[in-house]
Amino acid sequence: MTERHGIDVGNSRVKIFRLPGGELPPEQAALVAAARDLPASIWSEDDPDSLPADSDIEMVAVRPELAARLTELLEARASRVRRWSAADLPIENPYDDPARLGPDRPLAALAARRLVGAPAVVIDAGTALTVDLVDAQGRFAGGAIAPGLRLLARALGQGGAMLHEVEAAREDYPGRSTAEALELGLGAAFRGALEGLVRAALAREPEARLVLTGGD
């Protein structure tokens with residue numbers, strides 16, 4: 001049987017995972033893999049042999065230029081690649097131009113709907129922090145995009161001559177050094193954005209369940 005893989009081309013990482021076999025219709029296979037949170041391997045251009053060969057590939061991407069390069073490498077290894085846009089996914093969305101919606105957000109919404117039903121609030125904490133709503137009818141209703149933890153840390157560290165980038169996000173106030181103060185502010189900014197956006201989503205759909213994903 002031909003192997004099938006899903007590839008998620010994100011802002012920070014490329015994730016490759018094996019998809020289920022033939023028990024599901026092809027148009028749903030990549031979505032189920034995302035919902036099942038299968039183990040992922042990270043692809044790098046330095047190691048093209050890590051890419052699957054002679055495989056059917058379902059790909060979602062938010063970086064078209066990297067996706068195009070990756071498609072070339074895959075097709076050179078006799079794999080067949082199908083790229084999914086937001087408009088291709090079997091979940092409604094409110095965008096006037098679905099092509100302007102990155103497929104990662106409605107894909108995560110579809111996975112959440114399969115996991116917990118509707119309504120749901122989908123929190124993806126990665127390069128960006130996204131908080132999206134699946135409404136009671138199971139539609140991707142939209143949401144919000146905020147800076148992720150590392151983007152916040154980088155912006156804070158570059159914002160002044162006496163500031164520097166920190167990684168930790170502490171909670172114990174007050175900070176007694178510049179580093180501790182930065183860590184405290186970073187954590188507060190991130191938590192504040194997250195809590196405020198989740199509160200706004202739950203105000204729309206009070207019965208929604210929370211689904212959390214992402215590298216952070």
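This is a short dialogue on reading helices, burial, pockets and salt bridges in a predicted model.

Q: Let's start with helix 3. How far apart are its end C-alpha atoms, and what span should its 13 residues have?

A: A helix can be checked by its rise per residue. At 1.5 Å a residue, the 13 residues of helix 3 (residues 104-116) should span 18 Å, and the end C-alpha atoms are indeed 18 Å apart, so the two values agree. Just after helix 3 comes Gly117, with a positive phi near 85°.

Q: Which residues of helix 3 are buried?

A: They are Arg105, Pro106, Leu107, Ala108, Ala109, Leu110, Ala111 and Ala112. One of them, Arg105, turns up again among the contacts of Thr130 in strand 7.

Q: Is Thr130 buried or exposed?

A: Here the cut-off helps: buried means under 20% relative accessible area. Thr130 has 10%, so it is buried. Leaving aside neighbours within four places in sequence, Thr130 is in contact with Arg105, Val122, Ile123, Asp124, Ala144 and Ile145. Leu66 in helix 2 (residues 64-76) also counts as buried, at 15% relative accessibility.

Q: How should I read a pocket, and what lines the second largest pocket here?

A: Rolling a probe the size of a water molecule over the atoms shows where empty space is left. The second largest pocket has a volume of about 160 Å³. Its lining consists of Val131, Asp132, Leu133, Ala141, Gly142, Gly143, Ala144, Leu197, Ala200, Ala201 and Arg204. By character, seven of these residues are nonpolar, two polar and two charged. Strand 7 (128-134), strand 8 (140-147) and helix 5 (178-204) each supply at least two lining residues.

Q: And salt bridges: how many are there in the whole structure?

A: Side chains of opposite charge can pair when their charged atoms come close. A search of the whole structure finds nine salt bridges. Take Arg82 and Glu58, whose side chains meet at 3.0 Å, N to O. This pair links distant parts of the chain, with Arg82 in strand 5 (residues 80-83) and Glu58 in strand 4 (residues 55-61), 24 residues apart. Arg82 is partly exposed at 36% relative accessibility, whereas Glu58 is buried at 7%. Arg4 joins Glu58 and Arg82 in a network of salt bridges.

Q: Where do Arg69 and Glu72 lie?

A: Both are in helix 2, three residues apart, about one turn of the helix. Their closest N and O atoms are 3.7 Å apart, forming a salt bridge. At 34% relative accessibility, Arg69 is partly exposed.

How values were computed: Residues are numbered from 1 along each chain as its sequence is written. This is a predicted model: local features need pLDDT of at least 70, side-chain atom pairs count only at pLDDT 80 or more; totals for chains, interfaces and linings use all residues. Side-chain values use heavy atoms; hydrogens and water are left out. Helices (H or I, at least four residues) and strands (E, at least two) are DSSP runs, numbered from the N terminus. The expected span of a helix is 1.5 Å times one less than its number of residues. Buried means under 20% relative accessible area, exposed over 50%, partly exposed in between (1.4 Å probe, protein chains only). On a 1 Å grid over the protein atoms alone, a cavity is a set of points where a 1.4 Å probe fits but cannot get out, and a pocket is an open set with protein on both sides within 12 Å along at least five of seven lines; lining residues have an atom within 4 Å of a point. Grid points are joined across faces, edges and corners, and a volume is the space filled by probe spheres set on the points. Ala, Val, Leu, Ile, Met, Phe, Trp, Tyr, Cys and Pro count as nonpolar, Asp, Glu, Lys and Arg as charged, and the others, Gly among them, as polar. Contact means heavy atoms within 4.5 Å. A salt bridge is a side-chain nitrogen of Lys or Arg within 4 Å of a carboxyl oxygen of Asp or Glu.
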